[in-house]
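Here is a short report on one protein chain. Have the structure open while you read.

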Amino acid sequence: MRLLPIFLAALALAGCKSNSTPVYRGEGKLVAKGPAREVIAAPGGDALAWLAEPHLAKDKGHNAPDHMYLGTATFSAFGAPIVLGRDVATLPGSFFFSPTGAQVGAITSWSFKKQSGTLVVGDVAMSQARGVAEDVSFFAFGPDGAQLGWVAEGVLWVGPADGRGDPARIAEGIATFEFSPDGRSIAARRRAISGGQLVLARLGGGEVQTLGERVADYEWSPDGTRLAYTARNDTGSMDLFLETPGRTPVRVGKSVPAFRFSREGGHLAFIGDVSHKKQFGDLYVLPKGASTAAKLGTEVTEFDFDPTGARIAWLDRYSPQSRGGALTWAKVAANPKPRRLGPNVPSFIWSHGGGHLAFVQRQLSPIFSIDLFLADVSGEEDAVKVAQGVFGYSFSGNDERLLFRTNCTRNGRACDLRSAPLASPAESLLVARGIHTYEPATPDESVLLVTYARTDADALDLAMVPADGSASPHMLDQRVLAGTKIVSGQNQGVAYAVLDPARLGVYLAEVPAAFGTAAR
């Protein structure tokens, strides 16, 4: 009988061992413990930032959307975490690094009622934080990261981003603003209740100039020499104006809902002539230096310049029934000659060098399908069909390959990732199966970060894979929050937050060494 208690104890111990599950260990290095959201990375990879201890704003009695969170803004230069402040909302423009990554700013103590909070800026190199101003509703860093602008109680201030100097008071009644690309000027729009004027100030001195009334949107040209904006006219529609220093703004378009400068060249394109009878407007292009815009397309919804600014593509004769238009492109010139590629196109993208257009086309017979095509715009050849049933596509950074998702299941949450060489697009190869998303993981884009949507939780699994499909995906981690961030520079890899209760925290995973030194 003495053996019975020993036997039962051994049986109980064996049962405990068989039911225990070891904690999963991902390949990421722990940066900070605890629940987190909104993980962001500094340009250059010298720091990470995140919202620690996040909670739904509505659960704390705030009148906020169901998906809105509040958390404690925190950053780390891969040392001890530094707290910026509590109650930072997951709102666009509330929490971000400067263009150089030297500073990180956050609007803390956010009030949903007042739509403002306290601006705090962290110095990455010094690993310290400083309060800037209270009742801040909007802020931004200058293009070189040296300047910081903010709106406090409607007043626009601009000062050194590192706080080593007094800020200058620029204008009153301001809602938003934007630095010019050269950092020498700032454009700001007053609140609608104050008239919605667009004002222009030359930083370092000079009077504030009022450009227009009842302004809606505004955008600087890439070289910072011109400013385009839309202003409401007496009929209620928006007219497009173009401002050049030293000259009175000139109206270049009527009834304009959308406009855009080319990334290179400074050409201006816009959709105009929209009315109650004409839901979709016409496409116009104003080449840099020209005085009159040339009409390119009719009933246009989508348009985009190629990265070089030499060409523009658009969806012509858009049909709401088929949710597509005729993809057309033309060289930017005084007398452009449009070339049509295909009908029933819902989306398109330019290659990085501007020599190719990729697009999907809705096929209605013999069966419905969304097919991917590739067009070489440097020649006169027709577009080439790449694949059937495509959902999401992009060019590799060197324009050698066209990546795309196909054979999707689970409502597009599990797809095959394939890679097609531009030299022979019909000869695609399999890169990974069952992925949810993909994006470049290295500067040369030779390695991709792929995610897998889990079926047991609203979370993702992470892996990396060579873009040429030369190796199988390498799993990095499991149960990861959506919104991973690629980290460049000396700390190259991917930053993310883990949702597994046993491993809550912010992690950084490196590119697998097995993928070669070129990937690193």
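How much surface does the protein expose, and what share of it do carbon and sulfur atoms supply? The protein exposes about 24,900 Å², with 51% supplied by carbon and sulfur atoms. Accessible areas come from the Shrake-Rupley method with a 1.4 Å probe, and for residues only the protein chains shown count as cover.

The model is predicted: local features need pLDDT of at least 70, side-chain atom pairs count only at pLDDT 80 or more, and totals for chains, interfaces and linings use all residues. Residues are numbered from 1 along each chain as its sequence is written, and side-chain values use heavy atoms, leaving out hydrogens and water.

## Overall picture

The protein contains one helix and 43 strands. Both are DSSP runs numbered from the N terminus: helices are H or I with at least four residues, strands are E with at least two. Along the principal axes, the C-alpha atoms fill a box of roughly 105 × 65 × 45 Å.

The protein has 520 residues, and 49% of them count as buried. Buried means under 20% relative accessible area, exposed means over 50%, and partly exposed lies in between (1.4 Å probe, protein chains only). A contact means heavy atoms within 4.5 Å. Take the contacts with a separation of 6 or more: residues 24 or more positions apart account for 35% of them.

Charge comes next. There are 51 positive and 52 negative side chains. Lys and Arg count as positive, Asp and Glu as negative; His and the chain ends are not counted. The centres of the two sets lie 4 Å apart, with each charge placed at NZ of Lys, CZ of Arg, CG of Asp or CD of Glu.

## Selected strand residues

The table places six residues and gives their relative accessible areas.

| Residue | Strand | Relative accessible area | Class |
|---|---|---|---|
| Glu 38 | S2 (residues 36-41) | 40% | partly exposed |
| Ser 109 | S7 (residues 103-111) | 45% | partly exposed |
| Phe 138 | S9 (residues 128-141) | 25% | partly exposed |
| Leu 315 | S26 (residues 311-319) | 0% | buried |
| Gln 361 | S30 (residues 356-363) | 11% | buried |
| Ser 419 | S35 (residues 414-421) | 0% | buried |

Glu 38 and Ser 109 deserve a look at the backbone. Phi of Glu 38 is near 55 degrees, a positive value in a residue other than glycine. For Ser 109, phi is near 50 degrees, again positive in a residue other than glycine.

Phe 138 sits in strand S9. Beyond its neighbours within four places in sequence, its contacts include Ile 107, Trp 150, Val 151 and Phe 177. Tyr 507 is 369 residues from Phe 138 along the chain, and their C-alpha atoms are separated by 30 Å.

Leu 315 is buried at 0% relative accessible area. Leaving out residues up to four places away in sequence, it touches several partners, among them Val 300, Leu 327, Val 345, Pro 346 and Phe 348. Leu 315 and Leu 119 are 196 residues apart in sequence, with 42 Å between their C-alpha atoms.

Gln 361 also has Val 345 and Pro 346 among its contacts, along with Ile 370 and Phe 373, not counting neighbours within four places in sequence. Its side chain makes a polar contact of 2.7 Å with that of Gln 363. A polar contact is a pair of N or O atoms within 3.5 Å; within protein, one must be able to donate a hydrogen and the other to accept it, and residues adjacent in sequence count only if both atoms are side-chain atoms.

Ser 419 makes a polar contact too: its side chain lies 3.2 Å from that of Arg 401. Apart from neighbours within four places in sequence, Ser 419 is in contact with residues including Leu 402, Leu 403, Glu 427, Val 431 and Ala 467.

## The disulfide

Which cysteines form the disulfide? Cys 408 and Cys 415 do, with their sulfur atoms 2.1 Å apart. The cut-off for a disulfide is a pair of cysteine sulfur atoms within 2.5 Å. The structure holds one. The torsion about its S-S bond is about 115 degrees, so the disulfide is right-handed.

The two partners are covered to unlike degrees: Cys 408 is partly exposed at 22% relative accessible area, whereas Cys 415 is buried at 0%.
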